[in-house]
Amino acid sequence: MFLNLIKGRRSIRKFKDRPVEKEKINTLIEAALRSPSSRSINPLEFIVIDDKIILEQLSKAKPHGAGFLKEAAIGILVCGDASKSDVWIEDASIASVFIHLAAHDLGLGSCWIQIRKRAHSDSKTAETYIKELLNLTQDTILIESIIAIGYPDEIKKGHAKDSLQFHKVSFNT
(Lines give C-alpha, C1' and ligand atoms only; values in the text may rest on other atoms or scores of the structure.)
Protein backbone atom coordinates (compact mmCIF):
# COMPACT_ATOMS: atom_id res chain seq x y z
CA MET A 1 0.00 0.00 0.00
CA PHE A 2 2.78 2.46 0.84
CA LEU A 3 4.53 1.98 -2.50
CA ASN A 4 1.29 2.67 -4.35
CA LEU A 5 0.84 5.80 -2.26
CA ILE A 6 4.27 7.20 -3.15
CA LYS A 7 3.97 6.15 -6.78
CA GLY A 8 0.77 8.19 -7.19
CA ARG A 9 1.44 11.28 -5.08
CA ARG A 10 2.17 14.52 -6.93
CA SER A 11 2.25 18.15 -5.92
CA ILE A 12 -1.14 19.75 -6.48
CA ARG A 13 -1.48 23.49 -6.98
CA LYS A 14 -5.10 23.73 -8.12
CA PHE A 15 -7.86 23.11 -5.60
CA LYS A 16 -11.64 22.86 -5.67
CA ASP A 17 -13.64 25.36 -3.65
CA ARG A 18 -14.54 22.73 -1.06
CA PRO A 19 -13.71 22.61 2.64
CA VAL A 20 -11.75 19.75 4.13
CA GLU A 21 -13.70 17.85 6.75
CA LYS A 22 -12.65 18.23 10.39
CA GLU A 23 -11.99 14.47 10.66
CA LYS A 24 -9.52 14.66 7.79
CA ILE A 25 -7.80 17.70 9.30
CA ASN A 26 -7.49 15.79 12.57
CA THR A 27 -5.94 12.86 10.68
CA LEU A 28 -3.41 15.20 9.04
CA ILE A 29 -2.50 16.64 12.43
CA GLU A 30 -2.10 13.16 13.88
CA ALA A 31 0.15 12.16 10.97
CA ALA A 32 2.33 15.22 11.58
CA LEU A 33 2.54 14.48 15.30
CA ARG A 34 3.52 10.85 14.58
CA SER A 35 6.47 11.83 12.40
CA PRO A 36 9.91 10.84 13.67
CA SER A 37 11.88 13.35 15.68
CA SER A 38 15.59 13.19 16.43
CA ARG A 39 16.15 11.94 19.97
CA SER A 40 12.36 12.21 20.47
CA ILE A 41 12.77 15.90 21.30
CA ASN A 42 9.71 16.87 19.22
CA PRO A 43 10.62 20.54 18.68
CA LEU A 44 7.81 21.05 16.16
CA GLU A 45 4.73 23.22 16.29
CA PHE A 46 1.96 23.35 13.71
CA ILE A 47 -0.48 26.10 12.82
CA VAL A 48 -3.55 25.06 10.84
CA ILE A 49 -5.04 27.91 8.83
CA ASP A 50 -8.52 27.55 7.34
CA ASP A 51 -9.52 31.22 7.24
CA LYS A 52 -9.68 32.25 3.57
CA ILE A 53 -8.56 35.81 4.30
CA ILE A 54 -5.46 34.60 6.14
CA LEU A 55 -4.73 32.03 3.42
CA GLU A 56 -4.83 34.80 0.83
CA GLN A 57 -2.47 36.92 2.92
CA LEU A 58 -0.13 33.95 3.39
CA SER A 59 -0.17 33.37 -0.38
CA LYS A 60 1.75 36.66 -0.63
CA ALA A 61 4.55 35.50 1.71
CA LYS A 62 6.96 35.29 -1.20
CA PRO A 63 6.85 36.51 -4.79
CA HIS A 64 6.89 33.05 -6.40
CA GLY A 65 5.63 29.62 -5.41
CA ALA A 66 2.95 30.52 -2.86
CA GLY A 67 0.11 32.13 -4.83
CA PHE A 68 -1.88 28.91 -5.08
CA LEU A 69 -2.30 28.86 -1.27
CA LYS A 70 -5.21 31.30 -1.58
CA GLU A 71 -7.20 28.58 -3.38
CA ALA A 72 -6.40 25.84 -0.84
CA ALA A 73 -8.87 24.80 1.83
CA ILE A 74 -6.18 24.78 4.51
CA GLY A 75 -2.53 25.58 5.00
CA ILE A 76 -0.45 23.92 7.67
CA LEU A 77 2.56 25.88 8.86
CA VAL A 78 5.32 23.55 9.98
CA CYS A 79 7.48 25.27 12.58
CA GLY A 80 10.34 24.25 14.82
CA ASP A 81 11.78 25.52 18.06
CA ALA A 82 15.47 26.06 17.29
CA SER A 83 16.26 26.36 21.01
CA LYS A 84 15.13 22.76 21.59
CA SER A 85 16.92 20.96 18.76
CA ASP A 86 19.75 21.61 16.32
CA VAL A 87 17.99 19.39 13.77
CA TRP A 88 14.57 21.00 13.89
CA ILE A 89 14.81 21.59 10.12
CA GLU A 90 15.16 17.88 9.43
CA ASP A 91 12.33 17.08 11.85
CA ALA A 92 10.12 19.72 10.20
CA SER A 93 10.93 18.35 6.74
CA ILE A 94 9.99 14.83 7.77
CA ALA A 95 6.72 16.06 9.30
CA SER A 96 5.96 17.99 6.11
CA VAL A 97 6.36 14.82 4.06
CA PHE A 98 4.15 12.88 6.48
CA ILE A 99 1.46 15.53 5.94
CA HIS A 100 1.80 15.16 2.15
CA LEU A 101 1.47 11.39 2.27
CA ALA A 102 -1.47 11.48 4.68
CA ALA A 103 -3.21 14.07 2.48
CA HIS A 104 -2.79 11.91 -0.61
CA ASP A 105 -4.06 8.86 1.27
CA LEU A 106 -7.18 10.85 2.26
CA GLY A 107 -7.89 11.86 -1.34
CA LEU A 108 -6.55 15.37 -0.87
CA GLY A 109 -3.96 17.26 -2.86
CA SER A 110 -1.03 19.08 -1.31
CA CYS A 111 1.99 21.17 -2.18
CA TRP A 112 5.00 22.28 -0.16
CA ILE A 113 5.67 26.01 0.09
CA GLN A 114 9.23 26.64 1.25
CA ILE A 115 9.44 29.51 3.76
CA ARG A 116 12.80 29.15 5.51
CA LYS A 117 15.47 31.18 3.71
CA ARG A 118 13.01 32.70 1.24
CA ALA A 119 12.42 36.41 0.64
CA HIS A 120 9.12 38.24 0.84
CA SER A 121 10.73 41.40 -0.54
CA ASP A 122 14.15 43.00 -0.77
CA SER A 123 13.91 44.08 2.85
CA LYS A 124 11.88 41.31 4.51
CA THR A 125 12.02 37.52 4.68
CA ALA A 126 8.96 35.37 4.05
CA GLU A 127 9.25 34.16 7.64
CA THR A 128 9.23 37.70 9.05
CA TYR A 129 6.19 38.55 6.91
CA ILE A 130 4.32 35.52 8.27
CA LYS A 131 5.37 36.11 11.86
CA GLU A 132 4.10 39.68 11.66
CA LEU A 133 0.87 38.59 9.98
CA LEU A 134 0.11 35.90 12.58
CA ASN A 135 1.60 37.79 15.54
CA LEU A 136 4.16 35.07 16.25
CA THR A 137 6.51 36.70 18.73
CA GLN A 138 8.68 33.85 20.01
CA ASP A 139 12.11 34.29 18.38
CA THR A 140 13.11 30.63 18.65
CA ILE A 141 10.06 29.37 16.71
CA LEU A 142 11.06 29.26 13.03
CA ILE A 143 8.95 28.37 10.00
CA GLU A 144 10.16 25.67 7.61
CA SER A 145 7.18 25.32 5.29
CA ILE A 146 3.50 25.76 4.64
CA ILE A 147 1.69 22.76 3.23
CA ALA A 148 -1.23 23.83 1.02
CA ILE A 149 -4.02 21.25 1.17
CA GLY A 150 -7.40 20.82 -0.47
CA TYR A 151 -9.44 18.71 -2.79
CA PRO A 152 -7.50 18.55 -6.07
CA ASP A 153 -8.84 20.36 -9.12
CA GLU A 154 -6.21 18.85 -11.37
CA ILE A 155 -5.20 15.30 -12.15
CA LYS A 156 -1.56 14.34 -12.37
CA LYS A 157 -0.28 10.85 -12.96
CA GLY A 158 2.58 9.60 -10.86
CA HIS A 159 6.03 9.77 -12.37
CA ALA A 160 6.77 6.80 -14.63
CA LYS A 161 9.40 4.42 -13.28
CA ASP A 162 11.57 4.93 -16.36
CA SER A 163 11.71 8.68 -15.61
CA LEU A 164 13.34 8.11 -12.22
CA GLN A 165 17.02 9.03 -12.03
CA PHE A 166 18.48 5.64 -11.13
CA HIS A 167 21.85 6.83 -12.51
CA LYS A 168 22.23 8.90 -9.33
CA VAL A 169 22.36 5.78 -7.16
CA SER A 170 25.55 3.88 -6.41
CA PHE A 171 26.43 1.02 -4.11
CA ASN A 172 29.47 0.72 -1.86
CA THR A 173 31.34 3.57 -3.44
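## The S110–H100 contact

In this predicted model, the side chains of S110 and H100 are joined by a polar contact of 2.6 Å. S110 lies in strand β3, and with a relative accessibility of 2% it counts as buried, because buried here means under 20%.

The surroundings of S110 bring in several parts of the chain. Leaving out residues up to four places away in sequence, S110 touches R9, R10, S11, I12 and F15, then H100 and A103, and finally I147, A148 and I149. So H100 turns up twice for S110, once in this list of touching residues and once as the polar partner.

## I149 in strand β4

One of the residues touching S110 is I149, which sits in strand β4. I149 has 0% relative accessibility, so it counts as buried.

I149 has its own list of partners, again not counting residues up to four places away: F15, L28, A72, A73, I74, I76, I99, A103, L108, G109 and S110. F15 and A103 are among the residues touched by I149, and they are also among those touched by S110. As for longer reach along the chain, I149 and A31 are 118 residues apart in sequence, and their C-alpha atoms are separated by 14 Å.

## A73, between α3 and β2

A73, one of the residues that I149 touches, is found in the loop between α3 and β2. Buried or exposed, for a residue in that loop? A73 is buried, with a relative accessible area of 11%.

Setting aside neighbours within four places in sequence, A73 is in contact with R18, P19 and V20, with I49, D50, K52 and L55, and with I149 and G150. P19 is 54 residues from A73 in sequence, yet the C-alpha atoms of the two are 5.4 Å apart in space.

## Helix α5 and what covers it

Which residues of α5 are buried? They are A126, E127, Y129, I130 and K131. What covers these buried residues includes helix α3 (52-58) along with the strands β2 (74-81) and β4 (141-150). Strand β4 is also where I149 is placed.

After α5 comes N135, with a positive phi near 55°.

## R118, ahead of α5

R118 lies in the loop between β3 (109-114) and α5 (126-134). Its relative accessibility is 40%, so R118 counts as partly exposed.

Apart from neighbours within four places in sequence, R118 is in contact with K62, T125 and A126. A126 is one of the buried residues of α5. R118 also has a C-alpha to C-alpha distance of 9.9 Å to E144, a residue 26 places away in sequence.

## Positive phi between α2 and β1

The loop between α2 (22-33) and β1 (44-49) holds R39, and N42 is found there too. R39 has a phi near 55°, which is positive in a residue other than glycine. N42 also has a positive phi, of about 55°, and is not a glycine either.

On accessibility, R39 is exposed, with a relative accessible area of 58%, while N42 is partly exposed at 47%. The two get separate labels because exposed means over 50%.

## The largest pocket and the segment after β4

What lines the largest pocket? Its lining is made of I6, K7 and R9, together with G158, H159, K161 and L164. Sorted by class, that is 2 nonpolar, 2 polar and 3 charged residues. The pocket holds about 220 Å³ of space. R9, one of the lining residues, also touches S110.

A160 is found in the segment after β4. At 41% relative accessibility, A160 counts as partly exposed. A160 and K7 are 153 residues apart along the chain, and their C-alpha atoms are separated by 8.4 Å. K7 itself is among the pocket's lining residues.

## The UniProt annotation

UniProt, in an unreviewed entry, lists residues 6-61 and 63-151 for "domain: Nitroreductase". Over residues 6-61, the chain is 39% helix and 11% strand, with the end C-alpha atoms 29 Å apart. For residues 63-151, the figures are 30% helix and 27% strand, and the end C-alpha atoms lie 24 Å apart.

Note on methods. Residues are numbered from 1 along each chain as its sequence is written. This is a predicted model: local features need pLDDT of at least 70, side-chain atom pairs count only at pLDDT 80 or more; totals for chains, interfaces and linings use all residues. Side-chain values use heavy atoms; hydrogens and water are left out. Helices (H or I, at least four residues) and strands (E, at least two) are DSSP runs, numbered from the N terminus. Buried means under 20% relative accessible area, exposed over 50%, partly exposed in between (1.4 Å probe, protein chains only). Contact means heavy atoms within 4.5 Å. On a 1 Å grid over the protein atoms alone, a cavity is a set of points where a 1.4 Å probe fits but cannot get out, and a pocket is an open set with protein on both sides within 12 Å along at least five of seven lines; lining residues have an atom within 4 Å of a point. Grid points are joined across faces, edges and corners, and a volume is the space filled by probe spheres set on the points. Ala, Val, Leu, Ile, Met, Phe, Trp, Tyr, Cys and Pro count as nonpolar, Asp, Glu, Lys and Arg as charged, and the others, Gly among them, as polar. UniProt positions are given in the numbering used here, feature names are shortened, and annotations may be inferred rather than shown by experiment. A polar contact is a pair of N or O atoms within 3.5 Å; within protein, one must be able to donate a hydrogen and the other to accept it, and residues adjacent in sequence count only if both atoms are side-chain atoms.
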